[in-house]
Structure formats: structure tokens, C-alpha cells
Amino acid sequence: MSYLRIPRFYVQVSRESLITRNVLTGKEHKSLDVSPFQHSRVIIADFEKAQLLVSQGILLTRSKAIFRPIIVIHWVSPLNGGLTPIEARALKEIGLGAVPGLGAYKVFVLAPLFCDLK
């Protein structure tokens, strides 16, 4: 199995949208129903619905490959203090269970990137 053919997905999550992009094909899906990510105190208000949204995005952008994918989940909305270890773990668990029947090969979670130019 060639590492280059393993499906790879980039999932960009914010309080306003969820964008799933197949890195190999360039196919992209944008979901505006991000209610599981809209909560004033935590980044995930409804774990099961959040996992379903990520799963739908992957299913709509996937190719016919049957390999377990590599998923990068990137939270882009600003957070006071960044992602906590619990929030990062929840995002990773969403990715691990996002591919029905297969699971993910590997999930990476990226915190918001900030550049303070003061």
C-alpha cells in the first residue's frame, strides 16, 4: 500500500462553518449548520451531531479508496487561552469515529494559529 494513496482530509472547524477538503482530489464541502459547535463556554455542544457533520463532509468529498484516512482537524475560531487538552481530545475522538465502518488511520488536531503583530 502506497502512503501517497491513503485518503487525507483537512477539516476546518469554526463557530460559523465546517469545511471538509479531500487533500488528494481537492473536492470540498462546506456545512453552514454548525450548531454543535456554537456554545458560549465550550467548543463542542453536541458530540454526536458534531461527529455526524464531520462524517457527512468526509463521505461527500471522499474518493472510492477503501483505506482508512488521515484526518487533520483545525479549529480556527479564536479561543481565550487556546484549546484545552479535553477539547483537543474531543476533536480527535470526533475524527477517529468520523468514517463509518473504518475509523481513521490517524487524526491530527491543530489549535488556532495566532499572530500578534503589536
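1. Let's start at K92. Neighbours within four places in sequence aside, K92 is in contact (heavy atoms within 4.5 Å) with V107 and V109. You'll find K92 in helix α2; helices (H or I, at least four residues) and strands (E, at least two) are DSSP runs, numbered from the N terminus. Its relative accessible area is 34%, so K92 counts as partly exposed (buried means under 20% relative accessible area, exposed over 50%, partly exposed in between, with a 1.4 Å probe and protein chains only). K92 and I73 sit 19 residues apart in sequence, yet 7.6 Å apart in space, C-alpha to C-alpha.

2. Before going on, a word on what you're looking at. This is a predicted model, where local features need pLDDT of at least 70 and side-chain atom pairs count only at pLDDT 80 or more, while totals for chains, interfaces and linings use all residues. Residues are numbered from 1 along each chain as its sequence is written, and side-chain values use heavy atoms, with hydrogens and water left out.

3. How confident is the predictor? The chain has a mean pLDDT (the predictor's confidence in each residue, from 0 to 100) of 83, and 90% of its residues reach 70 or more. Among the elements, strand β2 (residues 18-22) has the highest mean, 93, and α1 the lowest, 90.

4. Now the overall layout. Two helices and five strands make up the secondary structure of the chain. Walk along the sequence and you meet them in the pattern β-β-β-α-β-α-β. The chain has 118 residues, and 41% of them count as buried. Take the contacts between residues at least 6 apart in sequence: 61% of these join residues at least 24 apart.

5. Strand β1 is a good place to pause. Five of its six residues are buried, so β1 is largely enclosed by the rest of the structure. What does β1 pair with? (Two strands pair if DSSP finds at least two bridges between them.) Six bridges join β1 to β4, and these two run parallel; here V11 stands opposite I73 of β4. β1 is also joined to β2, by five bridges, and that pair runs antiparallel. In this second pairing, V13 stands opposite L18 of β2. β1 and β2 form a hairpin, with four residues between them.

6. Look at the loop of that hairpin next. S17 has its place in the loop between β1 and β2, and with a relative accessible area of 12% it is buried. Leaving aside neighbours within four places in sequence, S17 is in contact with Q12, K30, S31, L32 and V34.

7. One of those partners, S31, deserves its own stop. S31 lies in strand β3 (residues 28-31), and it counts as buried because its relative accessibility is 8%. Sequence neighbours within four places aside, S31 is in contact with S17, L18 and L53. S31 and I19 are 12 residues apart in sequence and 6.3 Å apart in space, C-alpha to C-alpha.

8. On to the core. In soluble globular proteins, nonpolar side chains tend to be buried together. The largest nonpolar core here (a set of buried Ala, Val, Leu, Ile, Met, Phe, Trp, Tyr and Cys residues joined through side-chain atoms within 4.5 Å) has 24 residues, and F37, I44, I71 and W75 touch the most other members. β1 (8-13), α1 (47-61), β4 (70-75) and α2 (85-96) each supply at least two residues of this core, and α1 gives the largest share, four residues. What does I71 touch? Not counting residues up to four places away in sequence, I71 touches F9, V11, I58, G95, V99, A104, K106, V107 and F108.

9. Finally, T61. Is T61 buried or exposed? It is buried, because its relative accessible area is 1%. T61 has its place in helix α1. A polar atom of the T61 side chain lies 2.9 Å from the backbone oxygen of G57. Neighbours within four places in sequence aside, T61 is in contact with F9, T20, N22, T25, K27, E28 and H29. F9 is a name you have met before, since I71 touches F9 too.

Note on methods. Polar contact = N/O pair within 3.5 Å; in protein donor to acceptor, adjacent residues only side chain to side chain.
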